[in-house]
Amino acid sequence: MVLLFNMNESSLKKKLSKLNFNNLRYFDSIGSTNDEALAWAAEGAKDLSIVIADEQTQGRGRLNRKWFTPKGSALAFSLILRPSASMRPHLSRTVGLAALSIADSISRIGLKPQIKWPNDILLNGKKTAGILVESVWSGDDVDSLVIGMGINVYKPSVPPAEFLQFPATSLEDELGSELIREDVLSGILGAFLHWRERLGEDELIKAWEELLAFRGGQVEVKSGGEVPVTGRVDGLESDGSLRLRDIHDKSVIVRFGDVSLRPSA
Ligand code: ADP
């Protein structure tokens, strides 16, 4: 039997205030938590403000691809970051910070997550969570960052197969036992606070690298309309870019952007 635990706004607030996430906007249903967070950030939301929704009707992936968040089954939230001076040189690592936070908390419940560079978390080769980082600019400077995370917690969060280009799963499917969404959320936010303090450290790149999916394997990276790059996954550069090795063992660096990584046939 699948037990759906409703999100309870007051217990959520209590739980998150213990982690110092005191500025919280909760919605039973919303278009997109990132849109709400971007608007709130532009109005001056404080660092570590958070928007959480039980359901998203217009959840977004990159390039306006859709992210499925049906009621009562997933985690969908967006964190607002106001980067300190010491974080500013390392903002290209933000997606890694988010990926590690999700991966760490999933590892702690006994699963073995991998990070499909740049922005997805896999369990058993299937997508379980996605990340969408967006920025609010003030002239040439980043004023704030919005980090959207979507995590498939219970079975009904997994989209129908016709919706997908890549197989998907949920924590419940992989764990085979019950878990509570709010506990998963606290785990992720706790890990986020831990890694955020280490944004500029080598340790973060190392931990991120160790979790890379397809490491040592051949992949194909598509970027917009360009010819796909193929190579063996070697590791990460210090800015979080992906390093591949081509057939001549030459390194090829793949920068962020709209890239889609797939194992090559
Ligand atoms: P990509 O997998 O190409 O990197 P994105 O990271 O932008 O794409 O994620 C959007 C894609 O993820 C959608 O086009 C859809 O195929 C898939 N998707 C949408 N919702 C979910 C979900 N809840 N779980 C797993 N995959 C999803």
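**Exercise 1. Find where Glu174 sits in this predicted model, and say which residues far along the chain it touches.**

Step 1. Start with the secondary structure: Glu174 belongs to helix 4, residues 171-175.

Step 2. Next, set aside the neighbours within four places in sequence. What remains in contact with Glu174 is Leu111, Leu123, Asn124, Lys126 and Thr169.

Step 3. Pick one of these partners, Lys126, and compare sequence with space. Glu174 and Lys126 are 48 residues apart along the chain, while their C-alpha atoms are separated by 9.9 Å.

**Exercise 2. Work out the strand order of the open sheet and name its edge strands.**

Step 1. Walk across the sheet from one side to the other. Its 7 strands come in the order 1-2-3-7-6-5-4, and the pairing is mixed.

Step 2. Look at the two ends of that order. Strand 1 (24-30) and strand 4 (113-116) are the edge strands, each pairing on one side only.

Step 3. Now view the twist: from one strand to the next, it averages 20 degrees.

Step 4. Take a pair from inside the order. Strand 3 (residues 74-81) and strand 7 (residues 141-152) are antiparallel and share 8 bridges. To check the register, find Ala76; its bridge partner in strand 7 is Gly150.

Step 5. A reminder helps here: strands of a sheet pair through backbone hydrogen bonds, in either a parallel or an antiparallel way.

**Exercise 3. Identify which strands helix 1 and helix 5 pack against, and give the angles.**

Step 1. Helix 1 (residues 9-18) packs on the sheet and touches strand 1 and strand 2 (49-56). Its direction makes about 145 degrees with that of strand 1.

Step 2. Helix 5 (residues 181-196) lies across strand 2, strand 3 and strand 7. Relative to strand 3, helix 5 runs at about 30 degrees.

Step 3. Look at the two ends of helix 1. At its start, a side-chain oxygen of Asn8 comes within 3.0 Å of the backbone nitrogen of Ser10. After helix 1 comes Asn20, with a positive phi near 70 degrees.

**Exercise 4. Spot the unusual backbone geometry at Asn20 and at Pro118.**

Step 1. Begin with the background: most residues other than glycine have a negative phi, and most peptide bonds are trans.

Step 2. Asn20 is not a glycine, yet its phi is positive, about 70 degrees. This residue is in the loop between helix 1 and strand 1.

Step 3. Move to the peptide bond from Trp117 to Pro118, which is cis, with omega near 0 degrees. Pro118 lies in the loop between strand 4 and strand 5.

Step 4. Put that loop in context. Strand 4 and strand 5 (residues 120-123) are antiparallel, with 4 bridges, and they form a hairpin with 3 residues between them. Across this pair, Gln114 faces Leu122 in strand 5.

**Exercise 5. Describe how the protein holds the ligand.**

Step 1. Count the surroundings: the ligand has 19 residues around it, and the closest are Arg62, Phe68, Asn119, Lys127 and Asn152.

Step 2. List the polar contacts one by one.
- Arg65 places a polar side-chain atom 3.2 Å from an oxygen atom of the ligand.
- Phe68 has a polar backbone atom 2.9 Å from a ligand nitrogen.
- Asn152 has a side-chain N or O atom 2.9 Å from a ligand nitrogen.

Step 3. Finish with coverage. On its own the ligand has 570 Å² of accessible area, and the protein covers 96% of it.

**Exercise 6. Separate the two domains, then trace two hairpins further along the chain.**

Step 1. The domain assignment gives domain 1 (9-210) and domain 2 (218-263). Their C-alpha centres lie 24 Å apart. Their contact involves 14 residues from domain 1 and 19 residues from domain 2.

Step 2. Find strand 9 (residues 229-236) and strand 10 (residues 242-245), which run antiparallel and are joined by 4 bridges. Arg232 is opposite Arg245 in strand 10. This hairpin has 5 residues between the strands, and Gly240 has a positive phi near 95 degrees.

Step 3. Continue to strand 11 (residues 251-254), which runs antiparallel to strand 10 and is joined to it by 4 bridges. Here Leu242 is opposite Val254. This hairpin has 5 residues between its strands, and in it Asp249 takes a positive phi near 65 degrees.

Definitions and conventions:
Residues are numbered from 1 along each chain as its sequence is written. This is a predicted model: local features need pLDDT of at least 70, side-chain atom pairs count only at pLDDT 80 or more; totals for chains, interfaces and linings use all residues. Side-chain values use heavy atoms; hydrogens and water are left out. Two strands pair if DSSP finds at least two bridges between them. Axes are lines fitted to C-alpha atoms, for helices over the stretch in contact, and angles run from 0 to 180 degrees between N-to-C directions. Contact means heavy atoms within 4.5 Å. A residue is near a molecule or strand if one of its heavy atoms lies within 4 Å of it. A polar contact is a pair of N or O atoms within 3.5 Å; within protein, one must be able to donate a hydrogen and the other to accept it, and residues adjacent in sequence count only if both atoms are side-chain atoms. Accessible areas come from the Shrake-Rupley method with a 1.4 Å probe; for residues, only the protein chains shown count as cover. Domain bounds come from an automatic or database domain assignment.
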